[in-house]
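Q: Could you take a close look at the salt bridges here and walk me through how they sit in the fold? I'd also like to hear about any odd backbone spots.

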Amino acid sequence: MSDEKSMSSPEDVAAVARCKESYERICSELSQVIVGQEEVIEQVLIAIFARGHALLEGVPGLAKTLLVSSIAQAMHLSFKRIQFTPDLMPSDITGTQIIQEDPETRRRQYQFLPGPLFTNMLLADEINRTPPKTQAAMLEAMQERQISSGGHIMPLPDPFFVLATQNPLEQEGTYPLPEAQLDRFLLYIKVGYPKPAEEWDIARRITSGKRGTITPSLTGEDIVKLQKLVERVPVSDQVLGYAWAAVLATRPGTAAAPDFINKWVAWGSGPRGLLTLITCAKARAILHGRVHATIGDVQWLIKPALRHRIAPNYAAQAASMNSDRVIDLLLEHVSPDKKYEKPAA
């Protein structure tokens, strides 16, 4: 049974309409600086409105850093960037305690010096180039939205988002994120090459010095309100059931797993995958001015939501079968027309 009444008030309907207008303004402002990448931009904004973090993967030179900083500018958010290196320590990102002397009393006391984590939007550049100890400190802050130092707990700003990048080419001297830590990212976004016409426009615009400027369209307070609005977007049993069936089918060795999952997958998505699909489908709905999520929203998001939550086995790797190709088969297997109901306890 869906909660259709939760978004029926005129105030909520008007808020959704304003969200769509804000999304269109942000995309328009970003087009002054970023050429193309519409799907990547939409996925990043969905992660933000769903109050999650995103991992962006793409070869060097695809303007990932420019994209993230431009989104922060369009939303009037504070922005910081950390270039992860093998010698980076946890205190380099969280902050550290320093000794300060009071000029009047001459008494010395510890004072916390905040690190770059204390910002609204953080770009964690090449997060797989830093050791696990620093990765763990970073991911703990992402999950808890706070850090502890000297026995004190300090909350991070609200809103707080981490957009991490990783280079798929060079793996020497890197520390790949374990699967359990990858699962902390709401979406795993692939940044591809621009289309031929877009690349032509990029070259023309950059080499002629015609770079646009961005006017902020939202504030941090607006984003917090939109995050709360996402929570109230209704999801019917049919949409929930479709997402649930898709996640259930990714788990090899279970009754719901099709033959290709048992053949090519070592382990499938946990419950966080289902939560991601539903929450992000709701966020995408309000971006497009709708007051309810659809199966189409779930299908559009299934790859960035599940590609890092499905682990192909050795047989799949030998057959050049990656998680995206497994998800393609999954979309063919799970029927959107089947009637889904809550299973018996």
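What follows goes through the salt bridges and then the backbone.

A: Sure. Keep in mind that this is a predicted model. It holds 11 salt bridges, and a few of them are worth walking through.

Let's start with R284 and D297, whose side chains meet in a salt bridge at 2.8 Å, N to O. R284 belongs to helix α11 and D297 to helix α12 (residues 295-306), so this pair ties together parts that are 13 residues apart in sequence. Both R284 and D297 are buried. There's a wider context too: R284 and D297 belong to a network of salt bridges that also links E42 and R290.

Helix α11 turns up again with R272. Its partner is D183, with the closest N and O atoms 2.6 Å apart. R272 lies in α11 (residues 271-287), while D183 is in the loop between α6 (179-182) and β9 (187-190), so here the parts being tied together are 89 residues apart in sequence. As for burial, D183 has a relative accessible area of 18%, which makes it buried, since the cut-off for that label is under 20%. R272 comes out as partly exposed at 31% relative accessibility.

Now for a pair within one helix. E221 and K225 form a salt bridge whose closest N and O atoms are 3.8 Å apart, and the criterion asks for a distance within 4 Å. The two residues are four apart in helix α8 (residues 220-232), so about one helical turn separates them. E221 is exposed at 55% relative accessibility, and K225 is exposed as well, at 51%.

On to the backbone. Going from D158 to P159, the peptide bond is cis, with omega near 5°. P159 sits in the loop between β7 (152-155) and β8 (161-166).

Two arginines have positive phi. R51, not a glycine, has phi of about 60°, and you'll find R51 in the loop between α2 (38-49) and β1 (54-57). It counts as partly exposed, at 42% relative accessibility. R145 has phi near 55°, again positive in a residue other than glycine. The loop holding R145 runs between α5 (132-144) and β6 (146-149). At 15% relative accessibility, R145 counts as buried.

Definitions and conventions. Residues are numbered from 1 along each chain as its sequence is written. This is a predicted model: local features need pLDDT of at least 70, side-chain atom pairs count only at pLDDT 80 or more; totals for chains, interfaces and linings use all residues. Side-chain values use heavy atoms; hydrogens and water are left out. Buried means under 20% relative accessible area, exposed over 50%, partly exposed in between (1.4 Å probe, protein chains only).
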